[in-house]
Amino acid sequence: MAKKGKTSTAARKQLRQKEDAYIKELETKIEEFDPKISRGEHFKDLPLSHQTLKGLRDSAFIKMTEIQKMSIPVSLKGNDVLAAAKTGSGKTLAFLIPVIEKLYRERWTEFDGLGALIISPTRELAMQTYEVLTKIGRYSSFSAGLVIGGKDVKFELDRISKINILVGTPGRILQHMDQAVGLNTSNLQVLVLDEADRCLDMGFKKTLDAIVMNLPPVRQTLLFSATQSQSLADLARLSLTDYKSVGTAEVKDDSNSAATPDTLQQSYISVELPDKLDILFSFIKTHLKSKMIVFLSSSKQVHFVYETFRKLQPGISLMHLHGRQKQTARTETLDKFSRAQHTCLFATDVVARGIDFPAVDWVVQADCPENVDTYIHRVGRSARYGKQGKSLVMLTPQEEEGFLKRLKQRHIEPNKLTIKQSRKKSIKPQLQSLLFQDPELKYLGQKAFISYVRSIFIQKDKEVFKFEELPTEEYANSLGLPGAPKIKMKGMKSVERAKELKNTSRQLLSLSKANDDGEIVDRSKEVRTKHDKMFNRKNQTVLSEHYLNITKAQADEDEEDGFMTMKRQDHEIKEEDLPQLIAPTSKRALRKATSKKASLAGKGNPSKLVFDEEGHAHPIYELEGEEDFHKKGDAVDQKNAFLLKETETMTSVDVEDKKLAKVKRQEKKRKRLEAMRREAEAEMDHDSSDDKEGGYQVTIGTGNLSDDMDSDDDEDRHPGKRRRFPESTEESEERRAGSGKFVEIEQPETLEDLESLTSRLIQS
Ligand SMILES: Nc1ncnc2c1ncn2[C@@H]1O[C@H](COP(=O)(O)OP(=O)(O)OP(=O)(O)O)[C@@H](O)[C@H]1O
């Protein structure tokens, strides 16, 4: 054994010497390497270690892409690099190979701590990069780790001190820097920012600056992206002064070529906002043999479109992915979508950048992207690594001119597709029916509406996004909502609000004209659509189910129609065509229909009766004969005695009522706070890379349930504050019977407010 040990020590020493010589040789080769002379096309033509070459070969990476050819030699020489190349052109390997090689040449071991840090703007991209790293680095001896939000921090904490290459999202990396005693960054050799312009933009500014402050100033920094929008000041923040630019001219605004892949067929259609979902649904139904991603502007939009389209069954599997989902669900969807052949994924921009889904046929941008960079990244999910792909962007007439101009500045000129109005199919009646039946869906629809309107409001490019021209009412109807929910944006002029209030108070003169929301409506001019009638109708459940069946049957018939050759289907149903209402078949509906409330509702105003000893019914207040009355004593005394008795009874009943009302109020409030707490938790879980939130007023509790429960009503503690809460079931029932609009209550501050509130209360 001893002899064996001695031999192996000697052998190890020999091996180390051999490796030292090999590394020295590599370093010389790198120094002498001149890409202009070399003209090598393959990875094996580069001065790379044999284990990296083996890892590449095993993963079928043999020939280099342009960006790899241009940037790897420069990065191998230890330069800082600012690199840009079109989407799907192989940037991931372009930065991973130099990172692995650098640590190998430095003879990095687990005892040296963190050697390289790779920052990705989204969890999905970080996971993907980590996967590629473990594939090509499988023959290397150092360790790699992934730290992303939504995972168990403690689990990561235990291992982080031994990690040599760390891949992660900015927030979680900083969290580890703050918490982990084991995370030693003092030796860091390389910092990589993937999707650099996104990492450097305002959303990540603070986090990134804090991370960089923890890193040694002497290091190599590599920045990679498909778009380059950051300023020199941003680069200075990263102490990137003497850097080499690779491929950046190609993707810049003033370049002569488009920043999108040549193999991508790009198109657009002009579509009125209220028709968008119709067009989208028709598009999906006519592309059932495709794999497509549909980008929408917010997670609420994604949620709503996914849930409603799922019920309408277009004939293709549907998936959804956004930053508000739990990480496990996100990962699962990512995996499923990657493996699927024909499917449709509704997503936010959380997957717009960097994600390498195989074989995506179509990228549909149902909502106009915030800028051309986002457009480039979104369409880049298709036509990757030289493959063919198609994209379609839907532009409203308000966005069309402005956005096409922006695209043209970057040499992107998508072809215009036209869809004949007569060939468009409407899903509006189906959506209305669905929302009418399901309060949850209606709530989702309201949230989707609000988030869309808000997303337009907060857009910077006012030449493209024209908030004032939004057809809000028609858009709300197109989502199946009975009316546009009210929204208050931060920054909306208080003057406008004051004007609104003033007008309201003047109009209050005609109290009878105010609707449930306190809005003045001239009913003589009001057009009552079938939809309105349905929402006001009794026995809604029976009717809407029937209505849904009719419209769904139509949808099924249409299934085989071609998108461009579709015949217009008239979904209008004449009032007389509606069926006689029949007894409900389900137990729940039957119970509802035969309930005391329902039966009383059909009988007009009830009158209370009392029964005498013989069992005869009498009205509660029966006029007695004058003679009988006078027999009982003086009229005034009788009146006083009666009033006293009634007052006593009312006082005692009042006390009971108040007690009951208090209990009910507290219960209602507890439910409301719970719902808010759940929503707040979901917000916290929401990845910072997801849709940009902002400009929105939300008031939630103190954060402490018992504190919040102390008073009976929020208004007691926060006079004048706006309340907007998810509704309780009770409330939504009430709304279902009424106009169905989003309910907002404000504490009156002025006399006019009080008048407005009074009118609403009287009306309801
Ligand atoms: N040299 C290569 N040989 C074969 N396939 C490659 C090579 N380099 C990259 N690929 C493949 O090309 C696809 C795109 O690569 P990658 O994801 O790195 O592109 P990207 O430039 O980072 O795109 P994006 O800008 O969208 O992030 C991947 O599927 C990857 O496996």
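How do the residues of the lining of the largest cavity divide into nonpolar, polar and charged? Keep that question in mind as you work through these exercises on a predicted model.

**Exercise 1. Describe the largest cavity and the character of its lining.**

Solution. Begin with the space itself: the largest cavity holds about 70 Å³. Next, find the residues around it. Helix 13 (276–285) and helix 14 (299–312) are the elements that give two or more residues to this lining. Lys276, Leu277 and Leu280 are among the lining residues, as are Gln301, Phe304 and Val305. The list is completed by Leu296, Ala366, Asp367, Tyr475 and Leu479. Now sort them: eight are nonpolar, one is polar and two are charged. Tyr counts as nonpolar in this scheme, so Tyr475 of the lining goes into the nonpolar group.

**Exercise 2. Describe the second largest cavity in the same manner.**

Solution. The second largest cavity contains about 60 Å³ of space. Its lining is made of Thr396, Gln398, Glu399, Tyr452, Ile456, Phe465, Lys466, Glu469 and Leu470. Two or more of these residues come from helix 17 (397–409), and two or more from helix 19 (439–458). Sorting the lining gives four nonpolar, two polar and three charged residues. To place both cavities in context, note that the structure holds four cavities of 30 Å³ or more.

**Exercise 3. Find how many disulfides the model has, and state whether Cys344 and Cys368 are buried or exposed.**

Solution. Recall that a disulfide is a covalent bond between the sulfur atoms of two cysteines. The test used here asks for a pair of cysteine sulfur atoms within 2.5 Å. Applying it gives zero disulfides. For the second part, the cut-off for buried is under 20% relative accessible area. Cys344 has a relative accessible area of 0%, so Cys344 is buried. Cys368 is buried too, with a value of 8%.

**Exercise 4. Locate the Q motif and describe its span.**

Solution. An unreviewed UniProt entry places the short sequence motif "Q motif" at residues 41–69. Turning to the structure, this span is 45% helix and 0% strand. The C-alpha atoms at its two ends lie 7 Å apart.

**Exercise 5. Summarise the protein chain as a whole.**

Solution. Count the elements: there are 31 helices and 18 strands. Then turn to burial, where buried residues make up 47% of the 764 residues. Finally, consider the contacts with a separation of 6 or more: 77% of them are accounted for by residues 24 or more positions apart.

Definitions and conventions:
Residues numbered from 1 in each chain as written. Predicted model: local features only at pLDDT ≥ 70, side-chain atom pairs only at ≥ 80, totals over all residues. Heavy atoms only, no water. UniProt positions renumbered as here; feature names shortened; annotations may be inferred. Helix = DSSP H or I, 4+ residues; strand = E, 2+ residues; numbered from the N terminus. 1 Å grid on protein atoms, 1.4 Å probe; cavity = no way out; pocket = protein on both sides within 12 Å on 5 of 7 lines; lining within 4 Å. Points joined across faces, edges and corners; volume = space filled by probe spheres on them. Buried < 20%, exposed > 50% of the residue type's maximum accessible area, 1.4 Å probe, protein only. Contact = heavy atoms within 4.5 Å.
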